[in-house]
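Student: Hi, could you walk me through this one? I'd like to know how the chains meet and how the helices pack.
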Amino acid sequence: MRGVPAAIRRWPSRRRAGARPPGGDRYRRRWFSGLRLRLTAAFTAVALLASVMASGISYILLRRAMLQRAQDTVLNEVRQTLSRMSPPELPPDSAGTLSAELEVALREPGRKVAAVPMLFDGRGALPAPGTLDVRVSRAFAMQARRQMVFQRITRGGKPFLLVGTHVTQYVTTTEEPERTTPPMVFVSASLSQEAADLRSFTGAIVIADSLALAAALALALLATRGVLRPVRRLGAAARALGDGELNTRVTVRGRDELADLARTFNGTAEALERTVNELRAMEAASRRFVADVSHELRTPLTSMIAVTDVLAEEAAASEAGGTAARLVVAETRRLTLLVEHLIEISRFDAGAAALVLDDVVVAAAVEATLLARGWSDAVTVDGPRDLVVRLDPRRFDVIVANLVGNALKHGRPPVRAVFAPTAREDAPGFALTVTDRGPGMPADLRAVVFDRFVKAEAARTRSEGSGLGLSIAKENAVLHGGALEAGDAPGGGAEFTLWLPIEQEESG
Amino acid sequence: MTARWARTALAIAGAIAVGSVVPGCGVRPTGIVAAGALPAADGRAEAVTVYLVDRDGRLVPVLRPGLPGHPYSALAQLSVPPTMEERRRGLTTKVRPTLRLEPQEPPKADDSPGVLTVQVHLTRRDVELGRVLWSSVAKAQVACTAAAIPGVRRVRLAGLLSGPGTGVVLVTGVLTLDGGRWADLKCER
């Protein structure tokens with residue numbers, strides 16, 4: 001299990017590099033314009049439509065019933081009173097008496113009555129203006145001679161019911177019909193009470209509908225929350241899964257489609273976690289194998305170097321033997337270097353690499369590195385001499401040596417090492433750029449230059465480097481929280497840029 | 001496309017909802033609406049007997065329709081001009097048409113049983129001219145007509161009356177069927 005923590009540690013490091021998974025802002029923005037709003041709006045609209053329709057229908061029915069009752073009351077009263085008080089045969093010249101009696105009998109608060117004599121010139125009899133609340137039209141009077149009629153009329157904003165009728169089945173004479181014909185009766189009844197009732201009913205409906213709307217809105221918000229919360233949880237879980245938290249699961253509630261989805265998600269996450277864990281275990285096993293092999297190789301190699309040195313001195317006497325012995329010595333040293341690098345890489349893979357921090361003057365450190373390897377004359381160094389950075393000097397030395405060595409080996413002089421303070425993503429740091437005047441890097445190499453065992457001259461199997469130098473340099477840079485990048489120098493040639501932050505977390 | 005469709009449907013639904021409510025508020029005016037057949041005249045009233053005068057000056061009873069609720073309408077009918085049919089029979093009334101007889105309905109409380117008070121209204125012009133308003137025949141008409149009403153035995157005329165040659169005087173007379181002062185004509189049965 002030594003390898004597993006290393007693999008897990010890789011995930012947050014990716015996050016730190018700025019590769020934040022997309023979707024967070026979009027999710028928040030959708031909150032007000034997305035599914036929740038649409039669901040709530042639809043729910044509320046349906047509820048509003050239903051309540052308005054229901055109240056509209058009840059309003060119409062109630063109004064019809066109310067007016068029907070009011071009208072029927074007046075109509076029935078007029079009909080019954082007229083029927084009761086009109087004799088089948090009227091005494092001559094008694095219409096006036098009957099009219100007065102009818103007017104008294106039918107009069108009520110809010111109701112005005114006009115009984116007028118029938119006219120026999122073909123025109124309807126009309127009550128005098130002012131006797132009723134509304135004007136009686138000639139067409140109305142004409143129709144009232146043949147049947148009982150009514151009309152609702154609004155006058156001055158107030159509704160009135162106008163009723164007009166006459167009696168039938170009476171006896172009169174052909175010679176003097178005007179003396180024995182009962183009068184026509186017109187009644188105007190105020191419908192203000194009904195209008196007031198309807199107004200108060202409308203007010204009640206508006207209040208009830210508003211309450212229903214508020215309730216619907218609250219219910220809609222509640223319901224959409226119930227629907228959307230699992231969706232949101234699933235989204236968060238999926239994002240966590242994408243961020244590498246493979247043990248993420250969602251709780252399954254209920255038996256609906258969302259629960260099915262959650263179950264499927266859990267199954268998928270489980271399968272993924274299992275697969276990844278297997279892969280990690282396999283990778284860890286192979287890395288451990290490499291580390292073990294390297295460790296096992298080191299001891300015999302140390303002995304071999306000691307022995308081959310002796311052998312080389314002894315074989316130096318003969319020409320052919322000397323060449324062979326030198327070859328053996330060189331190859332043995334290279335093998336030792338390779339094993340050392342493998343062990344170093346294994347430490348990184350195992351997460352065992354740790355920084356030993358110190359305050360370092362960059363200029364002095366670079367020059368010391370060059371001096372130790374005898375490169376001081378081949379490389380020009382440029383940068384502020386007072387730049388002090390907190391870093392691991394041994395690892396910094398490894399990085400600089402690898403970059404400069406690489407430039408000297410693969411590029412052509414002049415090789416320049418330039419450093420200067422540079423901030424990256426608001427973090428203070430410094431950049432060290434190593435350039436050469438060589439042919440530059442092939443484009444297909446640039447993407448993989450920091451991978452292990454990648455060599456510039458792939459065809460040349462027997463190169464001098466281990467193929468791990470740049471990988472180790474990159475790992476060291478990343479361990480500092482910095483970065484190492486490869487590119488082309490403006491004037492041709494390769495350019496490697498190391499960026500390290502000035503501050504270091506002590507624990508790192 | 002779906003969103004637009006949904007929005008359109010929503011707008012239509014809202015328009016229906018609003019359209020079904022807004023125009024129907026309050027009491028709406030209507031046109032002229034038929035409300036059934038004309039009521040039938042069905043007032044119950046007994047026919048009344050009115051005494052008119054024929055060409056020979058005799059009193060003749062005539063049946064006229066009654067008015068519901070007016071048991072004494074026969075007296076009011078005395079001053080009404082006779083109908084065409086009655087005129088063809090030569091009947092007439094001597095009670096002046098300008099007089100208006102108003103039987104007290106119901107009878108006054110202080111009236112003794114069988115006495116009917118009739119208020120007499122006359123026009124100012126009659127008063128000014130000092131016309132002879134009550135001929136004996138007219139008095140007889142009143143007396144006989146009143147006598148024909150069941151339960152009435154006497155009639156009291158109240159109001160301004162004028163006797164022959166006396167000008168306008170306020171007289172309260174009582175007509176009785178049997179031997180009253182004004183009953184100088186017999187009711188013909």
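Tutor: Happy to; we'll take the chain contact, then a strand pairing, then a helix pair, keeping in mind that this is a predicted model.

Student: Great. How many residues does each chain put into the contact?
Tutor: Chain A puts in 51 residues and chain B puts in 36 residues.

Student: And which elements of chain B supply at least two residues each to the side that touches chain A?
Tutor: Those are helix 1 (2–21) and strand 1 (33–34) of chain B. Helix 1 of chain B gives the most to that side, with five residues.

Student: What's that side of chain B like by class?
Tutor: The side of chain B that touches chain A has 22 nonpolar residues, along with eleven polar and three charged ones.

Student: Back to strand 1 of chain B: which strand of chain A is it joined to, and do they run parallel or antiparallel?
Tutor: Strand 1 of chain B is joined by two bridges to strand 2 (residues 149–155) of chain A, and the two run antiparallel.

Student: Which residue stands opposite A:Val149 there?
Tutor: That's B:Ala34, in strand 1 of chain B.

Student: New topic: at what angle do helix 7 and helix 8 of chain A pack?
Tutor: Helix 7 (residues 257–315) and helix 8 (residues 319–350) of chain A pack at about 155 degrees, and their axes are 8 Å apart. Angles over 145 degrees count as roughly antiparallel, so helix 7 of chain A is roughly antiparallel to helix 8 of chain A.

Student: Is the crossing left-handed or right-handed?
Tutor: Helix 7 of chain A passes helix 8 of chain A in a left-handed crossing.

Student: And which classes of residue make up their contact?
Tutor: The contact of helix 7 with helix 8 of chain A has 17 nonpolar, eight polar and six charged residues.

Technical notes: Residues are numbered from 1 along each chain as its sequence is written. Chains are lettered from A and ligands numbered from 1 in the order in which they are written. This is a predicted model: local features need pLDDT of at least 70, side-chain atom pairs count only at pLDDT 80 or more; totals for chains, interfaces and linings use all residues. Two residues are in contact if their C-beta atoms, placed from the backbone, lie within 7 Å. Helices (H or I, at least four residues) and strands (E, at least two) are DSSP runs, numbered from the N terminus. Ala, Val, Leu, Ile, Met, Phe, Trp, Tyr, Cys and Pro count as nonpolar, Asp, Glu, Lys and Arg as charged, and the others, Gly among them, as polar. Two strands pair if DSSP finds at least two bridges between them. Axes are lines fitted to C-alpha atoms, for helices over the stretch in contact, and angles run from 0 to 180 degrees between N-to-C directions. Angles under 35 degrees count as roughly parallel, over 145 as roughly antiparallel, 65 to 115 as roughly perpendicular and the rest as oblique. A crossing is left-handed if the near helix is turned anticlockwise from the far one by less than a right angle, and right-handed if clockwise.
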